[in-house]
Amino acid sequence: MSKRQRCRPWGMGLLAGAVITTTALATGPAQAVRTHRMLIVAHRGGDDWGPESTLVTFRHAIAAGAQAIEFDVWWTADHIPVVMHDPTMNRTTNCRGPIADYTLAELEQCDAGGGQNVPTLDEALQVIAQGHILVFVHCKLVNNQWQAETIMGEIDKYGLNDGTWATTIADNPTILHRMYEAGSNHLGLVFNNPEGWDAPYPVLLAYNTVVTRRLVARAHRHGAFVMTVQNHGLTLDQLVHRNYGLDGFFANHIDQVLERLGRYRPTTDGPAGYSPTLSSNSDDGESSTGTGDS
């Protein structure tokens with residue numbers, strides 16, 4: 001079987017029943033997906049219960065009912081892949097400066113919120129594997145084939161590279177090609193321009209670009225599994241009041257989204273010392289075409 005054939009399962013409709021088992025997905029032009037069937041992904045693990053991109057928040061998202069988790073991968077000074085959204089420590093930790101300036105040992109001294117550490121990719125994937133849910137690994141920086149192979153080695157270690165459990169995503173086709181060459185069995189493009197709707201990848205993630213039912217249907221005709229991000233494609237209100245035919249939704253505020261869709265499983269209070277800035281009971285009203293990256 002060729003690499004290209006291995007990268008096609010979701011878009012070709014070979015998998016079914018995601019909301020029933022959380023281990024497989026169904027899509028295609030003949031299957032307009034409504035919110036009760038939509039794959040709900042905890043974007044960065046979510047941020048309305050605990051600090052984003054931390055193990056405690058990942059575990060909470062799984063317990064609360066998320067069917068998948070997304071996180072971003074960067075590199076330490078000693079070449080260890082770690083999980084954090086930004087390239088710098090400034091916004092989400094009590095440390096300052098680029099992640100690339102810190103060794104892993106130094107990074108472990110930083111507080112990522114509520115006493116949580118910045119996780120390694122290995123630690124994050126272990127939680128995913130134990131939780132038996134899907135994962136979207138956002139490869140923010142893959143400058144060479146060794147980095148791509150290192151990421152895929154970690155994914156392979158936990159048996160997630162089977163075309164179902166793990167999807168490697170990026171906003172750069174060069175990075176996606178490196179991941180493909182490193183053996184990724186499922187690829188996704190993050191895009192913010194109209195041309196992205198026709199991109200030849202199994203997963204398309206619209207970010208900070210207009211989302212319409214017609215555009216989603218167009219991507220479905222190419223066999224893509226189509227998603228967008230809360231407040232960077234559609235707000236939660238837009239999602240629940242109109243059927244866009246989307247296959248999945250990246251939830252920034254995972255408790256809020258699951259509760260609104262009637263799929264929330266109440267869990268314990270958040271980590272000590274962490275105070276979310278956004279309520280989980282209402283949409284934050286952020287523009288659906290704001291700036292930033294996923």
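A residue counts as exposed when its relative accessible area is over 50%, as buried when that area is under 20%, and as partly exposed in between. Pro-200 has a relative accessible area of 65%, so Pro-200 is exposed. This proline sits in the loop between strand 6 (187–191) and strand 7. Gly-188 lies 12 residues from Pro-200 in sequence, and the two C-alpha atoms are 9.3 Å apart in space. Everything here comes from a predicted model.

Now for the whole chain. The protein has 294 residues, and 57% of them count as buried. Its secondary structure adds up to 10 helices and 9 strands. The accessible surface is about 12100 Å², and carbon and sulfur atoms own 49% of that. The chain also brings distant stretches of sequence together: among contacts with a separation of 6 or more, 61% join residues 24 or more positions apart.

What about the inside? In soluble globular proteins, nonpolar side chains tend to be buried together. The largest nonpolar core here holds 76 residues, and Phe-71 and Ile-151 are the ones that touch the most other members. Apart from that core lies another one, made of 12 residues, including Cys-95, Leu-107, Ala-112 and Val-118. As for Phe-71, its contacts beyond four places in sequence are Phe-58, Val-83, Leu-121, Ala-124, Leu-125, Ile-128, Val-135, Phe-136, Val-137 and His-138.

Several of those names turn up again in helix 5. This helix covers residues 121–131, and its buried residues are Leu-121, Asp-122, Ala-124, Leu-125, Val-127 and Ile-128. Which elements do the buried residues of helix 5 pack against? There are two helices on the list, helix 3 (55–64) and helix 6 (145–157), along with strand 2 (68–75), strand 3 (81–83) and strand 4 (134–139). Just after helix 5 comes His-132, with a positive phi of about 55 degrees.

Two asparagines have a positive phi as well. Asn-208 is not a glycine, yet its phi is positive, at about 55 degrees. It belongs to the loop between strand 7 (203–206) and helix 8 (213–221). Is Asn-208 buried or exposed? Its relative accessibility is 16%, so Asn-208 counts as buried. Asn-231 also takes a positive phi without being a glycine, with a value near 70 degrees. Its spot is the loop between strand 8 (225–229) and helix 9 (236–241). Asn-231 counts as buried because its relative accessibility is 0%.

Another asparagine, Asn-172, is found in the loop between strand 5 (166–170) and helix 7 (173–181). With a relative accessibility of 30%, Asn-172 falls between the two cut-offs and therefore counts as partly exposed. From Asn-172 to Lys-140 the C-alpha distance is 8.7 Å, while 32 residues separate the pair in sequence.

Thr-35 is in a loop too, between helix 2 (18–21) and strand 1 (39–43). A relative accessible area of 23% is why Thr-35 is called partly exposed. Leaving out neighbours within four places in sequence, Thr-35 is in contact with Leu-239, Val-240, Leu-261 and Arg-263. Thr-35 and Gly-245 are 210 residues apart in sequence, but their C-alpha atoms are 8.7 Å apart in space.

Pro-51 offers a similar story about sequence and space. This proline lies in the loop between strand 1 and helix 3, and it is buried because its relative accessible area is 2%. Gly-270 is 219 residues away from Pro-51 along the chain, yet 9.0 Å separates the two C-alpha atoms. Beyond four places in sequence, Pro-51 touches Gly-46, Thr-57, Ala-112, Gly-113, Gln-116, Pro-271 and Tyr-274.

Finally, the gaps. Rolling a probe the size of a water molecule over the atoms shows where empty space is left. How many cavities of 30 Å³ or more does the model have? The count is 2. The second largest cavity contains about 40 Å³ of space. Its lining is made up of Glu-52, Ser-53, Thr-54, Val-83, Met-84, His-85, Thr-92 and Ala-112. By type, that lining splits into 3 nonpolar residues, 4 polar ones and 1 charged one. Two of these lining residues have come up before: Val-83 is a contact of Phe-71, and Ala-112 is a contact of Pro-51.

Notes:
Residues numbered from 1 in each chain as written. Predicted model: local features only at pLDDT ≥ 70, side-chain atom pairs only at ≥ 80, totals over all residues. Heavy atoms only, no water. 1 Å grid on protein atoms, 1.4 Å probe; cavity = no way out; pocket = protein on both sides within 12 Å on 5 of 7 lines; lining within 4 Å. Points joined across faces, edges and corners; volume = space filled by probe spheres on them. Nonpolar A, V, L, I, M, F, W, Y, C, P; charged D, E, K, R; others polar. Core = buried A, V, L, I, M, F, W, Y, C linked by side-chain atoms within 4.5 Å. Buried < 20%, exposed > 50% of the residue type's maximum accessible area, 1.4 Å probe, protein only. Contact = heavy atoms within 4.5 Å. Helix = DSSP H or I, 4+ residues; strand = E, 2+ residues; numbered from the N terminus. Areas by Shrake-Rupley, 256 points an atom, 1.4 Å probe, with all protein chains shown as cover.
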